[in-house]
Amino acid sequence: MATNKDRPLPVPGKVSKAERKRRNKQGGSAAVLGSGSGDVDKYSTWSRDELLHRIRELESGAGSSSGPSNATAIPAHLMSTDTSSSPGSMASTDNESEAASTPVYTTIETPKRKDRRPFDFSKYAKRHVAFRVAYFGWPYGGFASQGMNEIKTVESELFNALLAARIIEDPLECNYSRCGRTDRGVSGLGQVIALTVRSSLPKSSPHVIRSEGDGFVPETKDPADESLTQEELEAKAGVYWKRGIKRNKDGSVFGELAYLNIINRLLPPDIRIVAWAPVPEDFNARFHCSWRQYKYFFPKGIIDIEKMRSASVKFLGTHDFRNFCKYDASKTIENYDRTIHEISIETVPEHNFPSKKSREFYQLTLKGSAFLWHQVRCMMSVLLSVGQGLEEPEVIDQLMDVQQCPAKPNYDMASDLPLVLYDCHFENIEWQYQTEVDLVNDITPLRLYRAMEDQWSCYVTKSLMYSRMLEQLDQAMLINLPEPGQSIKLGEYAEQNAEKENNISLGGDLRMFMGKRYSQLMQRQKCLPTEVKNKKHQERKRIKLALAESEANSANNSGANSEVSSPAPASVETFVKAVEPSPLETLAATPVKDKEEAQVQDAAATPATGESADTDGKARQA
């Protein structure tokens, strides 16, 4: 056991820890000033003002010579001085008040965080590549960027990731193109984009862009290099093989950037780059696409699948689809002919419910060269009406006959949820699902697969929960239905009343109330013909331009002729109203069967907007 005899004797001039704590409580920071015991004893009895004055003296003395570079600046709250005099003050009152009026800080800088250097894209080569993108578009406002930050789109998320990873420098200067633009809520598993990106290959590589302004800097070449092969040039640049792996001079893996791994780490979990491919510099993802394939999933319900198939084959071939799309005012389309190569309706085997025939799932597969705005959803809406017995298959022939039906009838589109852009085909493109770096680490393909497997497991689990809930509801017993004194299970009662319900299924979770009597498509109110819409749109553009010019001229002349009061220019609405059709003009081309339907149409007539009135916000594009 230790005793007082075993403790070390106090060393003269050295202050114990307990003594330092006591002096700190009594004299503030006096114990830390000075370098020896004499300084500590002297400063321990000083007041706060005397200590501040002594600090200023030490600073003024160190100002002429180079002081230590790591001293700390005096905090501002310590520089607030008190002008009251105290015994033992070592300066005059005038000097003390002058020093107190202006706070003094040390000029010695503290270490700062090193600023991040800007990324120098000129050090890297560039190349044109294509990316195959998969996304689940339910929470997004479409694929294409809307130009507004508050609308989240798939394209905006892609650009955010590309910019954060320094893959591109400017979205407006990367030669960007997309294969198609899907609507809000529509998914895509085979979307393709093309753009110019940063490359890790040397600028002398034949695979990069070799034009000035695109990342290539002309270099003086050794005439002796012209006779060397590509392997010999790489060896001259320091490329070597180690353990079967090709590496650069600095030891990194030789090859292209791991685009998939870099970009996917910065993307949301419902957007993924699946593959990439090098393409020529003039490659355009939209115009070089050979064909596009869509799929639409729907439950059987009360749909007559055979009747629906007989109607779907009428779309095969080249037809005028102006009555199966939505008018786009920003594009003056004159040719509405589109070609459908293949169309089929088949079961989805992994989602069969043998106990309930109505819960079998089917998929419509549609392949064509190009599609109009909302064309697939409009086609699917008419097919669902035919399958539910509301229309005959011949209605498709009538809608594609421009002479018989020159304008589109008002009808709602099918739901956006079950639609997916399944594939986009390009000639002479070999998709790569990995890079040279992945051959070493083998992480990108496996990581992508596991991420998709986790998402699949999550949604299938939710689907199974809903399935079990429906199975429980199938066995629920209803009393006094369908007649008093009888009982029936809820599942059987729902099947018996399915055809009597006053609504139409439009796919997904979208249903439309059809009222007391269903109105046939060919008897409904029709939009204006596309020629009239184009003429109206051009007239509106002309009026807006003329109005803008008149406002600019009036603003320029207002300074010179301030005394002359010119009449205010008419508003845009005043000019536009002159070209708006009246309700009678809208109904002029509408065939009316009898007097009763004419009265119904007159009562429901509103100023035409040239578009179908969507009753559900989910069926409209943002």
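Leucine 417 sits in the loop that runs between helix H10 (394–400) and strand E11 (419–425), and that is a handy place to start a tour of this predicted model. From there we can look at a surface patch, two nonpolar cores, a few salt bridges and one well-covered helix. Two numbers to keep in mind: the largest nonpolar core has 60 residues, and the structure holds 14 salt bridges.

**The surface around leucine 417**

- Leucine 417 is partly exposed, at a relative accessible area of 36%.
- Together with Trp138 and Tyr459, Leu417 forms a nonpolar patch on the surface, and the three share about 290 Å² of accessible area.

**The nonpolar cores**

- As general background, nonpolar side chains in soluble globular proteins tend to be buried together.
- In the largest nonpolar core, with its 60 residues, the members that touch the most other members are Phe298, Phe315, Phe324, Leu364 and Ile396.
- At least two residues of this core come from each of strand E3 (187–199), strand E7 (291–299), helix H8 (305–312), strand E9 (337–347), strand E10 (361–368), helix H9 (375–387), H10 and E11.
- H9 gives the largest share of this core, with eight residues.
- Leaving aside residues up to four places away in sequence, phenylalanine 315 touches Phe321, Phe324, Ile340, Ile343, Met379, Leu383, Ile396 and Met400.
- There is also a second, separate core of 26 residues, and among them are Tyr135, Ile167, Ile168 and Ile271.

**Salt bridges**

- In general, side chains of opposite charge can pair when their charged atoms come close.
- Within one helix: glutamate 57 and arginine 54 join their side chains in a salt bridge, at 3.3 Å from N to O.
- Both of these residues, glutamate 57 and arginine 54, belong to helix H3 (residues 48–63), where they are three residues apart, or about one turn of the helix.
- An α-helix has 3.6 residues a turn, so residues three or four places apart point the same way.
- Glutamate 57 counts as partly exposed at 31% relative accessibility, and arginine 54 counts as partly exposed at 26%.
- Between distant parts of the chain: lysine 307 pairs with glutamate 392 in a salt bridge whose closest N and O atoms are 3.7 Å apart.
- Lysine 307 is in helix H8 and glutamate 392 is in the loop between H9 and H10, so the two are 85 residues apart.- For exposure, glutamate 392 counts as partly exposed at 45% relative accessibility.
- Aspartate 474 and arginine 359 also meet through their side chains in a salt bridge, at 2.9 Å from N to O.
- Aspartate 474 lies in helix H12 (residues 444–474) and arginine 359 in the loop between E9 and E10, so this pair ties together parts that are 115 residues apart in sequence.
- Aspartate 474 is buried, with a relative accessible area of 12%, and arginine 359 counts as buried at 19%.

**Helix H5 and what follows**

- Helix H5 (residues 154–164) is mostly covered, with eight of its eleven residues buried.
- Those buried residues are Val154, Glu155, Ser156, Glu157, Leu158, Phe159, Ala161 and Leu162.
- The packing partners of the buried H5 residues are strand E1 (125–135), strand E2 (177–178), E3, helix H7 (259–264) and strand E6 (271–278).
- Arginine 166, just after H5, takes a positive phi of about 60 degrees.

Note on methods. Residues are numbered from 1 along each chain as its sequence is written. This is a predicted model: local features need pLDDT of at least 70, side-chain atom pairs count only at pLDDT 80 or more; totals for chains, interfaces and linings use all residues. Side-chain values use heavy atoms; hydrogens and water are left out. Patches are made of residues with over 30% relative accessible area and no salt bridge: like charges are joined within 9 Å, nonpolar side chains (Val, Leu, Ile, Met, Phe, Trp, Tyr) within 5 Å. Accessible areas come from the Shrake-Rupley method with a 1.4 Å probe; for residues, only the protein chains shown count as cover. A salt bridge is a side-chain nitrogen of Lys or Arg within 4 Å of a carboxyl oxygen of Asp or Glu. Helices (H or I, at least four residues) and strands (E, at least two) are DSSP runs, numbered from the N terminus. Buried means under 20% relative accessible area, exposed over 50%, partly exposed in between (1.4 Å probe, protein chains only). A nonpolar core is a set of buried Ala, Val, Leu, Ile, Met, Phe, Trp, Tyr and Cys residues joined through side-chain atoms within 4.5 Å. Contact means heavy atoms within 4.5 Å.
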